[in-house]
Every structure is written in structure tokens, then in C-alpha cells.
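Grab a pencil and keep the viewer open while you work. Try each task yourself before you read its solution.

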Amino acid sequence: MTALRKPQVALTSKAAPFAIRAERAADVAMREALLDACFGVNRHGRTCQRLRDGRAPAAGLSLAAMREGKLVGTVRLWHVSAGGRPALVLGPLAVDPACRELGIGAALMYQALAAARARGHAAVILLGDASYYARFGLSAAKTGSLSLPGPFEGDRLLAVEFAEGALDGASGMIVATGAVLPKRRASRTPHAHAA
């Protein structure tokens, strides 16, 4: 089991503090704009997006970082099966580029992982830079036999266990298992009938 360190956020005198809270429905437009700014409008074609499409995030595991009334950071976790083992996939984690030196990303990570552990989840998986995520206890030690539904670099598939052995022997495809979102109905325009 990996112990989580508490975030250490050093604010400069010019920096306004930020707060992390549960994401709200009113945050959606700001969240989408932030994700577009951080990852580009082609972000919907990324491999991990296939695990999120048409699914609801895990209950209580969508967080927003707010600063001066503006959403400046976001993270969500999603239910998956990792080769038959229940787990969560974390992502995307995004921070407003103007706020990257404030420790918002680290604070979101620590809070998201702590919330996942507190809710009884056994493991969290993500696709990311091993050197950045190692400080949160994530590594590729248990993900070598797992795959994603699309192209990815194997050394970037990382995991942390909260329950010892949660991913022991896990192999195969990581697939979405979260609640399916209802499909949006296309608005229908009444057709004019010729008389």
C-alpha cells in the first residue's frame, strides 16, 4: 500500500488562494473550455477518452479547483475493469496554464486519490508521465500486462493500489464499467406541410 503525502502549496504574495470542491453542473462550460485550452479541441480522439465517452464519472470523484470565482483546475475519476479487476481511471487532470506554479495540479491529485481511497476503491490507473506521477505513488509496476482501447506508450500506463494486491495478475484490456449516460435526443424541427 502506498501512503499519500499531503500537498504542500506555497503561495506567493501575488497569488490568490484556490479552493478545491466537488464539481457542479454550473462548472461544465468552464470545464470544457479549460480542457480545450489545455489539450486542444482534438482531445476527444485520445485513447483514454474512449473509456469516458458515454459514461458518467464515478460518484463524488469529480473535482474543481476555483480561484477568484474562476475554474482553474479539474480532475475526474471513472469506473473501469482492469483485466477483470475493478479500478478507477483518473483523467483528465487539467490546470489553467496561468496558474501552473500554484500547486493546483498536485492538490487536485492528492485530494482525488484520498477521496477514491476513502470511498473504498482499490486502485487508480492513469496514462501520464511517470516522473510526475511517481510522487503520488503511481508506477508501471502492475500495469505491464494491461492494455487500452487505442494507441499508448506502455511506460505511461501507471497505477496505485489502495488495497494491497488489487492489481496482482491483472492483464488484458481496460474497459469502461461506469454508469452509461442517457443519449441526448436530437431536437426535432416540425416540418411544414404543403397545402
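## Exercise 1: Strand β3 and its partners

Strands β2 and β3 pair antiparallel, with 6 bridges between them. Keep in mind that this is a predicted model.

**Task.** Find out which strands pair with β3, starting from its hairpin with β2.

**Solution.**

1. Start with β2. As you just read, its pairing with β3 is antiparallel and has 6 bridges. Look for Arg67: Lys70 in β3 stands opposite. The hairpin leaves 2 residues between the two strands, and Glu68 in the turn has a positive phi of about 50°.
2. Move on to β4. This strand also pairs with β3 in the antiparallel sense, over 6 bridges. Val80 has Ala87 in β4 as its bridge partner. Here too you get a hairpin with 2 residues between the strands, and Gly83 in the turn shows a positive phi of about 60°.
3. Now check β5, which is joined to β3 by 2 bridges and runs antiparallel to it. Gly73 stands opposite Val95 in β5.
4. Finish with β9 (residues 172-176), joined to β3 by 3 antiparallel bridges. Ser81 faces Val175 in β9, standing opposite it.
5. One last look at β3 itself: 11 of its 13 residues are buried, so it's mostly covered.

## Exercise 2: Strand β6 and its two pairings

**Task.** In which sense does β6 pair with β4, and in which sense does it run with β8?

**Solution.**

1. Take β4 (residues 85-90). The pairing with β6 is parallel and has 2 bridges. Leu88 has Val124 in β6 as its bridge partner.
2. Take β8 (residues 157-161) next. This strand and β6 run antiparallel, joined by 5 bridges. Ala123 has Glu161 in β8 as its bridge partner.
3. Check the cover: β6 (residues 123-127) has 4 of its 5 residues buried, so "mostly covered" fits here.

## Exercise 3: Helix α1, two sides

**Task.** Does the length of helix α1 agree with what you'd expect from 1.5 Å a residue, and which residues of the helix are buried?

**Solution.**

1. Work out the length. Helix α1 (residues 28-39) has 12 residues, and at 1.5 Å a residue they should span 16 Å. The end C-alpha atoms are 16 Å apart, which agrees.
2. List the buried residues of α1: Arg31, Leu34, Leu35 and Cys38.
3. Look down the axis. Those residues cover an arc of only 100°, so they sit on the same side of α1.
4. Turn to the other side of α1, where Ala29 and Ala37 are exposed.
5. Ask what does the covering: β3 and β5 (94-95) are among what covers the buried residues of α1.
6. Step past the end of the helix. Gly40 follows α1 and has a positive phi, near 85°.

## Exercise 4: Inside the cores

**Task.** Which element gives the largest share of the largest nonpolar core?

**Solution.**

1. Size it up: the largest nonpolar core has 33 residues. Those with the most contacts inside it are Leu90, Ile104, Met109, Leu113, Val124 and Leu138.
2. See which elements give two or more residues to this core: β2 (62-67), β3 (70-82), β4, α3 (104-118), β6 and β8.
3. Pick the biggest giver: α3 supplies the largest share, 10 residues.
4. Zoom in on Ile104. Leaving out residues up to four places away in sequence, Ile104 touches Phe18, Ala65, Val72, Gly73, Val95 and Cys99.
5. Don't miss the second, separate core of 16 residues, which includes Leu51, Val80, Leu146 and Leu157.

## Exercise 5: Classify the ring pairs

**Task.** Sort the Tyr110 and Phe136 pair and the Tyr133 and Phe136 pair by geometry.

**Solution.**

1. Know what to look at: a pair of aromatic rings is described by the distance of the centres and the angle of the planes.
2. The whole structure holds 4 aromatic pairs. In the pair of Tyr110 and Phe136, the ring centres are 4.8 Å apart and the planes are at 70°. Planes over 60 degrees apart count as edge-to-face, so this pair is edge-to-face.
3. Trace the chain: Tyr110 is in helix α3, and Phe136 is in the loop between α4 (130-133) and β7 (146-147), 26 residues apart.
4. Check burial. Tyr110 has a relative accessible area of 10% and Phe136 has 0%, so both are buried.
5. For Tyr133 and Phe136, the centres are 6.2 Å apart and the planes are at 50°, so this pair is tilted. Tyr133 is buried too, at 11% relative accessible area.
6. Put the rings together: Tyr110, Tyr132, Tyr133 and Phe136 form one aromatic cluster.

Notes. Residues are numbered from 1 along each chain as its sequence is written. This is a predicted model: local features need pLDDT of at least 70, side-chain atom pairs count only at pLDDT 80 or more; totals for chains, interfaces and linings use all residues. Side-chain values use heavy atoms; hydrogens and water are left out. Buried means under 20% relative accessible area, exposed over 50%, partly exposed in between (1.4 Å probe, protein chains only). Two strands pair if DSSP finds at least two bridges between them. A nonpolar core is a set of buried Ala, Val, Leu, Ile, Met, Phe, Trp, Tyr and Cys residues joined through side-chain atoms within 4.5 Å. Contact means heavy atoms within 4.5 Å. The expected span of a helix is 1.5 Å times one less than its number of residues. The arc is that of the directions from the helix axis to the C-beta atoms. Rings of Phe, Tyr and Trp (its six-membered ring) pair if their centres lie within 6.5 Å; planes under 30 degrees apart count as stacked, over 60 as edge-to-face and the rest as tilted.
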